[in-house]
Amino acid sequence: MPFLPRTHEIPAGVEHERFHIRPIAIHDAVRDFDAVMSSASRLRERFPYSGGWPLDDMTLEDNLIDLAWHQKEALLRRSFNYAVMSPDGSRMLGCVYVEPPEKRGADADVSFWVRTDEEGTGLEEELERVVRAWMREAWPYASVRWPGRDISWEEWDLLPDAP
């Protein structure tokens, strides 16, 4: 069963003066690999239940496989990964994940990150504001949970598993 009902159009993304949010695809592999690996320690800190992602020895090929999986999952409407791109599209600034909840109590779990070299620029705060509005306006979920933001990852981990 799809996470996003077939009767609901897959949201295309968001155009913003500081960034563009769009579905991630395999052609993003090089830019995504740069963003992920340049922010590896920050990502492991921000996503403590990700199994140590990204591993220090992750390769561009590993990343391409991950992106192909994300792209296929979106086509199947099971989960969604969006690239946060610079306005000219030349640089990946981060990612947004809209996923079915692993834990009870929400219709969707949403998380995102920005690359380490954007820390302190206000990008993360602006992205959060925009993504929260986008979730209310473009997605059909009544209850969205924000692990690592509105609820700590530790509190999230203690919630009962979703059926």
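**Exercise 1. The surroundings of W139**

Leaving aside neighbours within four places in sequence, which residues is W139 in contact with?

*Solution.* Start with the ground rules. This is a predicted model, where local features need pLDDT of at least 70, side-chain atom pairs count only at pLDDT 80 or more, and totals for chains, interfaces and linings use all residues. Residues are numbered from 1 along each chain as its sequence is written, and side-chain values use heavy atoms, with hydrogens and water left out.

Step 1. Apply the contact criterion: heavy atoms within 4.5 Å. With neighbours within four places set aside, W139 touches L4, H8, P11, F80, Y82, V98 and W134.

Step 2. Place W139 in its core. A nonpolar core is a set of buried Ala, Val, Leu, Ile, Met, Phe, Trp, Tyr and Cys residues joined through side-chain atoms within 4.5 Å. Buried means under 20% relative accessible area, exposed over 50%, and partly exposed in between (1.4 Å probe, protein chains only). The largest such core has 25 residues, and I21, V96, V98, L127, V131 and W139 touch the most other members.

Step 3. Assign the elements. Helices (H or I, at least four residues) and strands (E, at least two) are DSSP runs, numbered from the N terminus. β3, β4, β5 and α4 each give two or more residues to this core. α4 gives the most, with 6 residues.

Step 4. Look for another core. A second, separate one has 17 residues, including M92, C95, I151 and W153. In soluble globular proteins, nonpolar side chains tend to be buried together.

**Exercise 2. Strand β5**

State how many residues of β5 are buried, and find its strand partners.

*Solution.* Step 1. Count: 7 of the 7 residues of β5 are buried.

Step 2. Split by face. In a regular strand the side chains alternate between the two faces of the sheet. In β5, A108, V110, F112 and V114 lie on one side, D109, S111 and W113 on the other, and all are buried.

Step 3. Find the pairings. Two strands pair if DSSP finds at least two bridges between them. β4 and β5 run antiparallel, joined by 6 bridges. One bridge matches V98 with V110 in β5. With β6, β5 pairs in the parallel sense over 2 bridges. There A108 has V144 of β6 as its bridge partner.

**Exercise 3. Helices α1 and α4**

Show where the buried residues of α1 sit, then check the length of α4.

*Solution.* Step 1. List the buried residues. In α1 (residues 29–38) they are A29, D32, A35 and V36.

Step 2. Look down the axis. The arc is that of the directions from the helix axis to the C-beta atoms. The buried residues of α1 fall within an arc of 130 degrees, so they line one face of the helix.

Step 3. Identify the cover. Among the elements over these residues are α2 (40–46), α3 (60–75), β4 and β5.

Step 4. Zoom in on A35. Its relative accessible area is 0%, so A35 is buried. Beyond its neighbours within four places in sequence, A35 is in contact with M92, W113 and R115. A35 and T116 are 81 residues apart in sequence, yet 8.3 Å apart in space, C-alpha to C-alpha.

Step 5. Turn to α4. The expected span of a helix is 1.5 Å times one less than its number of residues. For the 16 residues of α4 that gives 22 Å, and the end C-alpha atoms are 21 Å apart, which agrees. Buried residues of α4 include L123, E124, L127 and V131.

**Exercise 4. Salt bridges**

Count the salt bridges, then examine three of them.

*Solution.* Step 1. Set the rule: a side-chain nitrogen of Lys or Arg within 4 Å of a carboxyl oxygen of Asp or Glu. The count comes to 18 salt bridges.

Step 2. Take D28 and R31. Their N to O distance is 3.2 Å. D28 is buried at 0%, whereas R31 is partly exposed at 25%.

Step 3. Take R91 and D117. The closest N and O atoms are 2.3 Å apart. This pair links the loop between β3 (80–85) and β4 (92–99) with the loop between β5 (108–114) and α4 (123–138), 26 residues apart. Both R91, at 28%, and D117, at 45%, are partly exposed.

Step 4. Take R149 and E124. Here the closest N and O atoms are 2.7 Å apart. R149 lies in the loop between β6 (144–145) and α5 (153–158) and E124 in α4, so the bridge ties together parts 25 residues apart in sequence. R149 is partly exposed at 28%; E124 is buried at 11%.

Step 5. Join the shared partners. Salt bridges link R42, R46, E119, E124, E128, R132, R149 and D150 into one network.
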